[in-house]
Number of protein chains: 2
Amino acid sequence: MSAAFQTWMKQIQADVEIALEKYLPPVTLAPKTLHEAMAYAVLDGGKRVRPLLVFAAGELFQAPAELLSRAACAVEMIHAYSLVHDDMPCMDDDALRRGKPTVHKKYDEATALLVGDALQAQAFLVLSESQACAEHKLPMLQLLAQASGSVGMCGGQAIDLASVGKALNRAELEQMHRLKTGALLRASVLLGAMSGKPLEAKEVDALNIYAGAIGLAFQVVDDVLDATADSATLGKTAGKDAADNKPTYVSLLGLEASRQLADQLCHDAHQALLPFGESAQYLHDLADLIVQRKA
Amino acid sequence: MSAAFQTWMKQIQADVEIALEKYLPPVTLAPKTLHEAMAYAVLDGGKRVRPLLVFAAGELFQAPAELLSRAACAVEMIHAYSLVHDDMPCMDDDALRRGKPTVHKKYDEATALLVGDALQAQAFLVLSESQACAEHKLPMLQLLAQASGSVGMCGGQAIDLASVGKALNRAELEQMHRLKTGALLRASVLLGAMSGKPLEAKEVDALNIYAGAIGLAFQVVDDVLDATADSATLGKTAGKDAADNKPTYVSLLGLEASRQLADQLCHDAHQALLPFGESAQYLHDLADLIVQRKA
């Protein structure tokens with residue numbers, strides 16, 4: 001990864017942090033505890049992979065900054081809400097997230113439930129309130145709703161729940177992850193590109209291949225890290241999947257084959273970007289980042 | 001209430017049931033348990049007060065049926081998701097809803113969590129996919145997001161949670177309900193009207209007064225019923241607010257004064273509709289229905 005990419009990445013992460021704070025309800029506004037807990041769940045944490053994908057894809061067609069920023073914050077709010085709900089006792093029952101106590105530990109379960117619910121609504125609000133024209137935003141809102149719902153992220157969570165203790169084959173595992181994490185990563189890429197212009201079918205196809213590859217790579221690397229890194233590095237409880245008897249790429253393919261798969265997927269992602277030329281450089285570099293990350 | 005109103009109401013309720021089934025993901029589609037549970041939470045139950053308000057307000061400006069139907073289903077999905085989450089053990093911990101086991105009792109807590117999350121996304125999807133023009137739908141999506149989120153329904157829930165065991169005064173109780181149930185009832189009225197045409201400020205003002213009055217009346221009657229009706233009639237656990245030591249209009253004003261307040265609010269609602277003439281007849285009748293209901 002080049003120095004230019006590193007500089008760009010740090011700038012986007014800083015910009016997104018400011019934008020998230022701007023687009024969350026002020027913590028001084030009633031109900032204060034809810035608004036504080038929403039900010040706690042969203043701010044000051046995470047690698048902001050989804051916002052980075054939005055902005056990187058925004059480079060393809062010179063998307064306007066305001067719409068990109070709102071799209072990036074919207075997907076990050078959806079992602080953050082899913083983590084809050086996923087950490088709750090009735091789901092993964094996790095105490096640590098991004099190196100901090102999870103929302104239901106810091107506050108309580110009822111607050112965590114409402115924080116997630118309110119963040120989802122906020123995501124749709126932030127995107128719908130953009131100054132961009134209605135014709136431009138509406139397909140983006142549709143995409144975000146589809147990627148978040150029962151045939152997207154929530155559906156993937158449901159398959160994940162149903163799969164605990166079961167021997168999934170590779171196709172089933174892939175389908176689960178394509179929904180659970182893949183749908184929102186794909187939405188991030190497409191939202192970034194759509195912020196610039198309405199997409200042609202072949203552009204959607206190429207970006208789908210890219211997003212599918214990095215989405216899967218993201219999960220494979222997650223499984224590798226869960227099996228090899230420690231909790232302090234990850235900022236969440238390590239080794240949890242194995243302890244929960246959840247199927248993972250590592251349990252299915254082994255560690256070495258999983259690493260090779262991640263490299264292959266990264267290559268596939270790079271290939272899919274070729275038609276976009278130099279404008280896809282940051283998307284290219286983000287594929288590297290996803291595969292080479294240590295946490 | 002006239003026979004014409006009764007006929008209209010039954011027709012809308014039947015139409016909405018069919019529309020909800022159409023706009024929910026098919027139960028044959030994977031993940032099946034999630035889609036079954038979403039249908040279980042939404043179909044075959046409830047008085048459909050919010051959809052009735054959408055359609056009644058749609059009469060004001062001859063709104064097109066397709067957009068009205070989608071707006072009605074969207075608010076009902078938001079309402080249904082809020083009930084599913086509200087019934088969970090970490091919130092009101094209720095076993096009975098609309099005469100049936102609550103979703104977390106029928107399925108499990110994790111499924112109930114995901115059902116609510118997925119229904120919220122589905123609500124935004126259903127409204128955003130309408131064939132109506134983007135300029136028309138976008139303010140409606142904004143309104144729905146605002147009414148559902150932290151300064152609307154979720155905010156009201158948060159205030160409700162924080163108020164258990166506290167001595168709220170009447171202003172505080174009113175503020176809580178204005179968000180918790182009032183925001184979505186108001187959104188229903190406005191969405192119905194906005195389905196017809198962009199609203200002028202004085203139209204919004206009049207409809208806000210109407211919606212504020214029926215929203216409050218709805219809650220006052222809820223409190224009266226909770227204190228006086230039995231669980232079989234209500235289709236949910238009666239006497240729960242008193243048992244949970246929650247502040248209610250009955251505990252604050254007494255039973256008789258609460259009934260008088262509901263009548264006064266109904267009168268206020270009727271007055272606010274006068275500028276709309278005969279086109280507001282169903283909204284007028286719905287105010288009566290809300291105050292005179294027995295369950």
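Biologist: Let's start where two helices meet. In what kind of crossing does α8(A) pass α6(B)?

Modeller: α8(A) passes α6(B) in a left-handed crossing. Do keep in mind that we are looking at a predicted model.

Biologist: What makes α8(A) roughly antiparallel to α6(B)?

Modeller: The angle does. The axes of α8 of chain A (residues 153-163) and α6 of chain B (residues 109-128) cross at roughly 165°, coming within 9 Å. Angles over 145 degrees count as roughly antiparallel, so α8(A) is roughly antiparallel to α6(B).

Biologist: Which residues of α8(A) and α6(B) meet?

Modeller: From α8(A) come C154(A), Q157(A), A158(A) and L161(A), and they meet A110(B), T111(B), L114(B), D117(B) and A118(B) of α6(B). Sorted by class, this contact has 6 nonpolar, 2 polar and 1 charged residues.

Biologist: Now to the cysteines. How many disulfides are there over all chains?

Modeller: The count is 0 over all chains.

Biologist: How do you know that C133(A) is in no disulfide?

Modeller: We look at the nearest cysteine sulfur, which belongs to C133(B) and is 12 Å away. A disulfide needs two cysteine sulfur atoms within 2.5 Å, so C133(A) is in no disulfide. C90(B) is in no disulfide either, with the nearest cysteine sulfur, that of C90(A), 7.2 Å away.

Biologist: Why does C90(B) count as buried?

Modeller: Its relative accessibility is 18%, and buried means under 20%, so C90(B) counts as buried. C133(A), with a relative accessible area of 43%, falls between the 20% and 50% limits, so C133(A) is partly exposed.

Biologist: Let's try that on an arginine. Is R48(A) buried or exposed?

Modeller: R48(A) is at 3% relative accessibility. That is under the 20% limit, so R48(A) counts as buried. This arginine sits in the loop between α2 and α3 (49-58) of chain A, and its phi is near 60°, a positive value in a residue other than glycine.

Biologist: What is phi for R98(B), and where is R98(B) placed?

Modeller: R98(B) has a positive phi of about 50°, although it is not a glycine. You will find R98(B) in the loop between β1 (96-97) and β2 (100-101) of chain B. With a relative accessible area of 22%, R98(B) is partly exposed.

Biologist: One last stop: which residues does a cis peptide bond join in chain A?

Modeller: A30(A) and P31(A), with omega about -10°. P31(A) lies in the loop between α1 (3-23) and α2 (32-42) of chain A. In chain B, the peptide bond from A30(B) to P31(B) is cis, with omega near -5°.

Conventions
Residues numbered from 1 in each chain as written. Chains lettered and ligands numbered in written order. Predicted model: local features only at pLDDT ≥ 70, side-chain atom pairs only at ≥ 80, totals over all residues. Heavy atoms only, no water. Axes fitted to C-alpha atoms, helices over the stretch in contact; angles between N-to-C directions. Helix = DSSP H or I, 4+ residues; strand = E, 2+ residues; numbered from the N terminus. Parallel < 35°, antiparallel > 145°, perpendicular 65-115°, else oblique. Left-handed = near helix turned anticlockwise from the far one by under 90°. Contact = heavy atoms within 4.5 Å. Nonpolar A, V, L, I, M, F, W, Y, C, P; charged D, E, K, R; others polar. Buried < 20%, exposed > 50% of the residue type's maximum accessible area, 1.4 Å probe, protein only.
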